[in-house]
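Dear colleague,

Here is the structure I am handing over to you. My notes on it follow below.

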Amino acid sequence: DTEERKALRAFSESEGNEALHDKLKALDPEAAERIHPNNVKRVIRAIEVASNAEKGVQDFKTALIPNERYDFYLMGLTGDRSKLYDRINRRVLLMIDQGLVEELKFLKKLGLDDSFTSMKGIGYKEIFPYLEDLKPLEQVILEIQQNSRNYAKRQLTWFRRYPNLKWYDVDAWQDLGTLIEIIEKEIRAHYNI
């Protein structure tokens with residue numbers, strides 16, 4: 001309900017994030033416990049769900065329901081966190097070198113600004129202050145790197161909720177080809193292929 005969403009956002013702007021969060025506490029105390037008051041977007045979404053559903057907002061750990069109709073093999077790649085963060089930092093620099101700033105300038109000329117959901121993604125949202133001469137490029141790059149590292153950490157947390165996910169440590173293998181062979185062998189064994 002876009003009207004309800006606008007009203008809740010206006011309420012948050014006029015009364016403050018804590019007042020909005022109090023509304024959520026009244027509707028769904030468990031969701032309010034999990035969602036920080038400053039995460040206005042999630043608080044609003046939780047209020048919408050709690051207002052329109054009997055169960056409210058479920059924690060993703062308890063909401064996970066396996067579907068027995070599908071036989072699947074879950075696997076994840078993991079490795080040394082410092083190496084991952086180094087790759088993320090280098091990738092951000094590569095994105096800048098390959099024209100991320102110019103891409104945002106072009107999109108801005110087309111009429112897109114930071115109010116569009118598509119412009120709120122990591123890498124885009126941090127550059128808008130630079131384009132408006134509010135922040136130096138060096139600071140923007142550091143913010144993109146930090147936000148990307150935080151996102152990677154959240155992804156790992158998200159996937160750890162699957163108890164049957166098999167993790168493979170890429171750093172434990174000098175030759176990734178051997179690791180791929182092992183993974184393929186385990187998948188074939190899982191499916192009796």
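Patches are made of residues with over 30% relative accessible area and no salt bridge, with nonpolar side chains (Val, Leu, Ile, Met, Phe, Trp, Tyr) joined within 5 Å and like charges within 9 Å. A salt bridge is a Lys or Arg side-chain nitrogen within 4 Å of an Asp or Glu carboxyl oxygen. Accessible areas come from the Shrake-Rupley method with a 1.4 Å probe, and for residues only the protein chains shown count as cover.

The model is predicted: local features need pLDDT of at least 70, side-chain atom pairs count only at pLDDT 80 or more, and totals for chains, interfaces and linings use all residues. Residues are numbered from 1 along each chain as its sequence is written, and side-chain values use heavy atoms, leaving out hydrogens and water.

On the surface, Tyr70, Phe72, Tyr191 and Ile193 make a nonpolar patch of about 460 Å². Phe72 is partly exposed (between 20% and 50% relative accessible area; buried is under 20%, exposed over 50%), at 39%.

Inside, the largest nonpolar core (buried Ala, Val, Leu, Ile, Met, Phe, Trp, Tyr and Cys residues joined through side-chain atoms within 4.5 Å) has 15 residues, and Leu104 is one of those that touch the most other members. Leaving aside residues up to four places away in sequence, Leu104 touches Met119, Tyr124, Ile127, Phe128 and Leu131 (contact: heavy atoms within 4.5 Å). Another core, of 11 residues including Leu8 and Val40, lies apart from it.

Arg161 is buried, with a relative accessible area of 16%.

Regards

How values were computed: Buried means under 20% relative accessible area, exposed over 50%, partly exposed in between (1.4 Å probe, protein chains only).
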